[in-house]
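These are my notebook entries on a structure that is new to me. I set down what I looked up, entry by entry.

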Amino acid sequence: MVIKDAKFITSNTRADLCPQTDLPEYAFIGRSNVGKSSLINMLTNRLKLAKTSSFPGKTQLINHFLINDDWYLVDLPGYGWAKVSKDSREAWRKMILYYMKNRPNLACVFVLLDSRLPPQKADLEFMELLGTMGVPFVLIFTKTDKQSGTKTDMNIALYLKTLKETWEELPMYMKSSSSTKEGREEILQFISDVNQR
Ligand code: GTP
Ligand code: MG
């Protein structure tokens, strides 16, 4: 898919203030610093569309980006950042739950996982939540440029083994690097396929 146009539309804390639309949207979620905003920039070929930072907690709001006037990418704040207070964590949870319950146009959630790490409790819990809510999701293993392909594949195999303990059917997964652009075509093709359903 060719990205002809990508523009920032709104930042919100509440799903009901997000763009009123029937166009499909794809949300990026995962632990803080996993590379959600960077991946949105990589997919759209716009270096500064979504704000990124080497410090976790950069994205704090629900950000909508309209792509080709046809579908949305949504950048969400991350979870699992140790320095966050209990109150902020609760506020995050409320915002995300409300978002997922109130966006009937949410076509799919991309759950980003750092390809270098073993399965993390926060991620497994978040997937459980998606499962309970019946929200379709796909896994994306990020930052593959930071280690060898063999190491990435070993980590992914371990991840899938862990998931098999609780999930009857394994979610689809892809790999990505915002540096080498690995995964770009595959992710855009996936979105294009879902858009045409
Ligand atoms: P929050 O908004 O805090 O939840 O983080 P985020 O998930 O949006 O992460 P962000 O895209 O801001 O990236 C965090 C850091 O990781 C930045 O320093 C990025 O440059 C770096 N980064 C993101 N993706 C990649 C990648 O694929 N490869 C490498 N080498 N660095 C990456
Ligand atoms: Mg971000």
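**Entry 1: lysine 83.** I asked whether lysine 83 is buried or exposed. In this predicted model, lysine 83 has a relative accessible area of 74%. Because exposed means over 50%, lysine 83 counts as exposed. I then looked up where lysine 83 is found, and the place is the loop between β4 (71–75) and α2. I also looked up its separation from phenylalanine 28: the two are 55 residues apart in sequence, and their C-alpha atoms are 21 Å apart in space.

**Entry 2: the largest pocket.** I next turned to the largest pocket, which holds about 590 Å³ of space. I found 22 residues in its lining. Nearest the centre of this pocket lie Gly78, Tyr79, Gly80, Arg89 and Trp92. Which helix gives the most to this lining? I noted α2, with seven residues. Both α2 (86–101) and α3 (121–133) supply at least two residues each. Sorted by class, the lining of the largest pocket has eleven nonpolar, seven polar and four charged residues.

**Entry 3: the second largest pocket.** I recorded about 380 Å³ of space for the second largest pocket. Its lining is made up of 26 residues, and those closest to the centre are Asn33, Val34, Gly35, Lys36 and Ser38. Here the helix that gives the most is α1 (residues 36–44), with three residues. How does the lining of the second largest pocket divide by class? I noted four nonpolar residues, 16 polar and six charged.

**Entry 4: ligand 1.** I then examined the surroundings of ligand 1, where 22 residues are found. Those that come nearest are Lys36, Ser38, Gly57, Thr59 and Ser178. Lys36 and Ser38 had already appeared in my previous entry, among the residues closest to the centre of the second largest pocket.

I looked up individual atom pairs as well. For threonine 59, a polar side-chain atom lies 2.7 Å from an oxygen atom of ligand 1. Serine 53 takes part through its backbone, with a polar atom 3.1 Å from an oxygen atom of the ligand. For serine 179, a polar side-chain atom lies 3.4 Å from a nitrogen atom of ligand 1. Finally, I asked how much of the accessible area of ligand 1 the protein covers. On its own, ligand 1 has 660 Å² of accessible area, and the protein covers 87% of this.

Technical notes. Residues numbered from 1 in each chain as written. Chains lettered and ligands numbered in written order. Predicted model: local features only at pLDDT ≥ 70, side-chain atom pairs only at ≥ 80, totals over all residues. Heavy atoms only, no water. 1 Å grid on protein atoms, 1.4 Å probe; cavity = no way out; pocket = protein on both sides within 12 Å on 5 of 7 lines; lining within 4 Å. Points joined across faces, edges and corners; volume = space filled by probe spheres on them. Helix = DSSP H or I, 4+ residues; strand = E, 2+ residues; numbered from the N terminus. Nonpolar A, V, L, I, M, F, W, Y, C, P; charged D, E, K, R; others polar. Buried < 20%, exposed > 50% of the residue type's maximum accessible area, 1.4 Å probe, protein only. Near = heavy atom within 4 Å. Polar contact = N/O pair within 3.5 Å; in protein donor to acceptor, adjacent residues only side chain to side chain. Areas by Shrake-Rupley, 256 points an atom, 1.4 Å probe, with all protein chains shown as cover.
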